[in-house]
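Hi everyone, thanks for coming. I'd like to walk you through a structure that's new to most of you, so have a look at it while I talk.

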Amino acid sequence: MVLLLVVIYIVFISLGLPDSVFGVAWPVLHKELGIAESFASVYSIIVGICTSGVSVIAGKVLRKFGTGRVTLVSVLLTVIGLFGMSFAPNIIVMMCFAVVLGYGAGVIDTGLNNFISLHYKAQHMNWLHCFWGVGVTLSPVIMSHFLKEGSSWRFGYRTIGALQATILLIVICSLPLWKKVESKPLSRQEEVGKAEKTFFEIIKGKGVIPSILSLSFYCAMEFMIGTWGATYLVHIFALSPSEASKTVSLYFGGIMLGRFISGFLSMRLSDNALIRLGTGISMAGMFVLLLPFGRASVFGLLLIGTGFGPIFPSTIHAVPSRFGKDYSADIIGFHMFGAYGIGFSIQLIFGYVATATTFFITPFVFIGISVCMLLFSETAIRKLQS
């Protein structure tokens, strides 16, 4: 079980690697391909639709094939997507490989989060997502190196794809561990011969919808920084694309730090308390971005990332205890559907509004979304307690 946990930690790095690479490459990429700057939102919505669409059926897929095999196929798809995008001669081919990347991210996110929620304590959920932070922080650093050296963004994509391929080999070698440790997750209804609940029966459960909406608003902010963070720094703080790429890693590093600390705090604090604490810290970072300190204000990104740290893992880890274990994979899948579907839609709208007006609105938008996120989170808690 310990060896499998080590493998899962490594796989969580692979979850983060593709998530930040597009946004940091975009200030250069869109010029090379002759695409409008606002088109980044279209890319994000394509990935979001694919990821959220497959998340809806994730519970059934995981029960049929098991988490190990699903993880292997998902990582393979992300490898194909990354290398394919690096060789894309135009934006149409790139979007085709973005579809592959989106499908690769969908089920694995649900599968691993559900597996950890069921089999491990809250600190592992936070520390595992800290390793996601390693991947998502490493991508901007790698890409900034190639941009600074004057190399093409394509070499950055290929380097990240090679790291992903290495993790794929580790997953392949670990398949016997999954088979040994993992028991096929059959729902209680299947065990007693009853029909499975439908989508609508599950989603009508007490507190499910506000919980999904809470995570969706959080992920909208995460996607906005991932896609537009570097562009925001270029426009507002006059950083070069390579400087902006490196500076965005402050935010991703903050997420990694926040999740590392939250792993220890989760031994004392509940999931709900960690969500409230993280929201408060992240909102403080949003206000720092508005302070007239020049380039020093970008350290608000570090606070935002640190506050964001516990929100996602705590929300997901709470699913089995809030809604029961029978359909936890399905409900986590629905959370992923909302996170990607609604989150990317908000990010899409923001992208067009900001490019048409000014990126100065970014911190104000974040503060408004944070308030909505917290309200839905508290509504879910109140409904479950009623």
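Let's begin with one residue: which helix does Ser-86 lie in? It belongs to helix H4, which covers residues 67-86. One thing to say right away is that this is a predicted model, so please keep that in mind throughout.

Now, is Ser-86 buried or exposed? It's buried, and its relative accessible area is 0%. As for who surrounds it, if we leave out residues up to four places away in sequence, Ser-86 touches Trp-153, Arg-154, Tyr-157 and Arg-158.

Okay, on to how helices pack. In general, you describe two packed helices by the angle between their axes and the distance between those axes. With that in hand, find helix H6, residues 122-148, and helix H11, residues 241-265. Their axes come within 8 Å and the crossing angle is roughly 165 degrees. Angles over 145 degrees count as roughly antiparallel, so that's the word for H6 relative to H11. The crossing of H6 past H11 is left-handed. And if you sort the residues of that contact, you get 14 nonpolar, twelve polar and three charged.

Let's zoom in on one residue of H6, namely Gly-133. With a relative accessibility of 0%, Gly-133 counts as buried. What does Gly-133 touch, once you skip residues up to four places away in sequence? The answer is Phe-252 and Met-256. There's also a nice long-range pair here: Gly-133 and Gly-305 are 172 residues apart in sequence, yet their C-alpha atoms are 9.7 Å apart in space.

Next up is H5, residues 91-119, and I'd like to look at two of its partners. Take helix H2 to start with, residues 40-56. The H2 and H5 axes come within 7 Å, crossing at roughly 40 degrees. That makes H2 oblique to H5. Here the crossing is right-handed.

If you want to find this contact on your screen, look on the H2 side for residues including Tyr-43, Ile-46, Val-47 and Cys-50. On the H5 side, the residues they meet include Met-95, Ala-98, Val-99 and Leu-101. How many charged residues are in the contact of H2 with H5? There are no charged ones, against twelve nonpolar and five polar.

The other partner is helix H3, residues 58-65. The axes of H3 and H5 come within 10 Å and cross at roughly 70 degrees, and those two helices are therefore roughly perpendicular to each other. In this contact, Ala-58, Val-61 and Leu-62 from H3 meet Val-107, Thr-110 and Gly-111 from H5. Broken down by type, that's four nonpolar, two polar and no charged.

While we're on H3, which of its residues are buried? They are Ala-58, Gly-59, Leu-62 and Arg-63. Those residues cover an arc of only 130 degrees around the axis, which puts them on the same side of H3. As background, an α-helix has 3.6 residues a turn, so residues three or four places apart point the same way. Right after H3 comes Gly-66, which has a positive phi, near 85 degrees.

That brings me to backbone angles. Most residues other than glycine have a negative phi. Ala-238 isn't a glycine, and still its phi is positive, at about 55 degrees. Where is Ala-238 found? In the loop between helix H10, residues 208-237, and H11. Ala-238 is exposed, with 57% relative accessible area.

Last stop is helix H1, residues 2-32, and two residues in it. Val-6 sits in H1 and is partly exposed, at 41% relative accessibility. From Val-6 to Tyr-43 is 37 residues in sequence and 33 Å in space, C-alpha to C-alpha. Pro-27, also in H1, is buried, with a relative accessible area of 9%. Beyond residues up to four places away in sequence, Pro-27 touches Ala-230, Thr-231 and Pro-241. Lys-204 lies 177 residues from Pro-27 along the chain, and their C-alpha atoms are separated by 43 Å.

That's my tour, so let's open the floor.

Definitions and conventions
Residues are numbered from 1 along each chain as its sequence is written. This is a predicted model: local features need pLDDT of at least 70, side-chain atom pairs count only at pLDDT 80 or more; totals for chains, interfaces and linings use all residues. Side-chain values use heavy atoms; hydrogens and water are left out. Axes are lines fitted to C-alpha atoms, for helices over the stretch in contact, and angles run from 0 to 180 degrees between N-to-C directions. Helices (H or I, at least four residues) and strands (E, at least two) are DSSP runs, numbered from the N terminus. Angles under 35 degrees count as roughly parallel, over 145 as roughly antiparallel, 65 to 115 as roughly perpendicular and the rest as oblique. A crossing is left-handed if the near helix is turned anticlockwise from the far one by less than a right angle, and right-handed if clockwise. Ala, Val, Leu, Ile, Met, Phe, Trp, Tyr, Cys and Pro count as nonpolar, Asp, Glu, Lys and Arg as charged, and the others, Gly among them, as polar. Buried means under 20% relative accessible area, exposed over 50%, partly exposed in between (1.4 Å probe, protein chains only). The arc is that of the directions from the helix axis to the C-beta atoms. Contact means heavy atoms within 4.5 Å.
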